[in-house]
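Hello,

I am handing over the structure we talked about, and I hope you enjoy looking through it. Could you open it first and then read my notes alongside?

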Amino acid sequence: VQLQASGGGLVQAGGSLRLSCAVSGSSFNLNGMGWYRQAPGKQRDLVAYITSSGITNYANSVKGRFTLSRDSASNTMYLKMNSLKPEDTAVYYCAQTIGLRTYWGQGTQVTVSS
């Protein structure tokens, strides 16, 4: 299983970005997937998650601003981030959980300037 995250960058507060996560080597729709982020000196936290049945959950800090979606035709998961804040600055990782194992992408940096 391989996950390739992309789409990060530098954006001003209030701006938007869309992250992408291309997945290969797994049954895309049969497993839960999510976006996590890790700021410097902090633990890696869940941002958004989609179950195999398509139910999405969001961290309270991003509800109403971030939207997770997936495209089965291209085996790609997205995270649309609107109204970005400086506190959203972090390395964002995509991950897929298969059974008891979690597979991680390499991370993409998101920096929000004030």
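**A loop to start with**

Ser83 sits in the loop that connects strands S8 and S9. Before going further, please keep in mind that this is a predicted model. The relative accessible area of Ser83 is 40%, so this residue is partly exposed. Its backbone also deserves a look, since the phi angle of Ser83 is near 50°, which is a positive value in a residue that is not glycine. As a rule, most residues other than glycine have a negative phi.

Asn75 offers a second case: its phi is likewise positive and near 50°, again in a residue other than glycine. You will find Asn75 in the loop between S7 and S8. With a relative accessibility of 22%, Asn75 counts as partly exposed too, because that class begins where the buried one, under 20%, ends.

**Arg65, reaching for two backbones**

Which residue's side chain reaches the backbone oxygen of Ser83? That is Arg65, and the distance is 2.9 Å. A polar atom of the Arg65 side chain also lies 2.9 Å from the backbone oxygen of Ser61. Arg65 itself belongs to the loop between strand S6 (56–58) and strand S7 (66–71).

You might wonder: is Arg65 buried or exposed? Its relative accessible area is 11%, and since anything under 20% counts as buried, Arg65 is buried. Apart from residues up to four places away in sequence, Arg65 touches Lys80, Met81, Asn82, Ser83, Leu84, Lys85 and Asp88.

**The largest nonpolar core**

Now turn to the inside. In soluble globular proteins, nonpolar side chains tend to be buried together. Here the largest nonpolar core holds 26 residues, and the members that touch the most others are Trp35, Val47, Phe66, Met77, Leu79, Met81 and Tyr92. Many strands feed into this core: S1 (2–6), S3 (17–24), S4 (32–38), S5 (45–50), S7, S8 (76–81), S9 (90–98) and S11 (108–113) each supply at least two residues. The top contributor is S3, which gives four.

Two of those core residues make good places to zoom in:

- Leu79 is in strand S8, and its relative accessible area of 0% means that it is buried. Setting aside residues up to four places away in sequence, its contacts include Leu17, Leu19, Trp35, Val47, Phe66 and Tyr92. Leu79 and Phe66 are 13 residues apart along the chain, with 6.6 Å between their C-alpha atoms.
- Val47, leaving out residues up to four places away in sequence, has contacts that include Trp35, Tyr58, Val62, Phe66, Leu79 and Tyr92.

**The largest pocket and Arg37**

The largest pocket contains about 170 Å³ of space. Its lining is made by 14 residues, and those nearest its centre are Arg37, Ala39, Lys42, Asp45 and Glu87. S4 and S5 are the elements that give two or more residues to this lining, and S5 gives the most, with three. What kinds of residue make up the lining? Six are nonpolar, four are polar and four are charged.

Arg37, one of the residues nearest the pocket centre, lies in strand S4. At 14% relative accessibility, Arg37 counts as buried, because the limit for that class is under 20%. The Arg37 side chain makes a polar contact of 2.9 Å with the side chain of Asp88. Asp88 may sound familiar, as it is among the residues that Arg65 touches. Beyond its neighbours within four places in sequence, Arg37 is in contact with residues that include Asp45, Val47, Ser61, Phe66, Glu87 and Tyr92.

**Far in sequence, 9.3 Å in space**

One last pair: Gln109 and Arg37 are 72 residues apart in sequence, yet their C-alpha atoms are 9.3 Å apart in space. Gln109 is part of strand S11, and with a relative accessible area of 40% it is partly exposed. Its side chain makes a polar contact of 3.3 Å with the side chain of Thr111. Once neighbours within four places in sequence are set aside, Gln109 is in contact with Gly8, Gly9, Thr89, Ala90 and Val91. Ala90 and Val91 also appear among the contacts of Arg37.

Happy exploring, and best wishes!

Methods. Residues numbered from 1 in each chain as written. Predicted model: local features only at pLDDT ≥ 70, side-chain atom pairs only at ≥ 80, totals over all residues. Heavy atoms only, no water. Buried < 20%, exposed > 50% of the residue type's maximum accessible area, 1.4 Å probe, protein only. Polar contact = N/O pair within 3.5 Å; in protein donor to acceptor, adjacent residues only side chain to side chain. Contact = heavy atoms within 4.5 Å. Core = buried A, V, L, I, M, F, W, Y, C linked by side-chain atoms within 4.5 Å. 1 Å grid on protein atoms, 1.4 Å probe; cavity = no way out; pocket = protein on both sides within 12 Å on 5 of 7 lines; lining within 4 Å. Points joined across faces, edges and corners; volume = space filled by probe spheres on them. Nonpolar A, V, L, I, M, F, W, Y, C, P; charged D, E, K, R; others polar.
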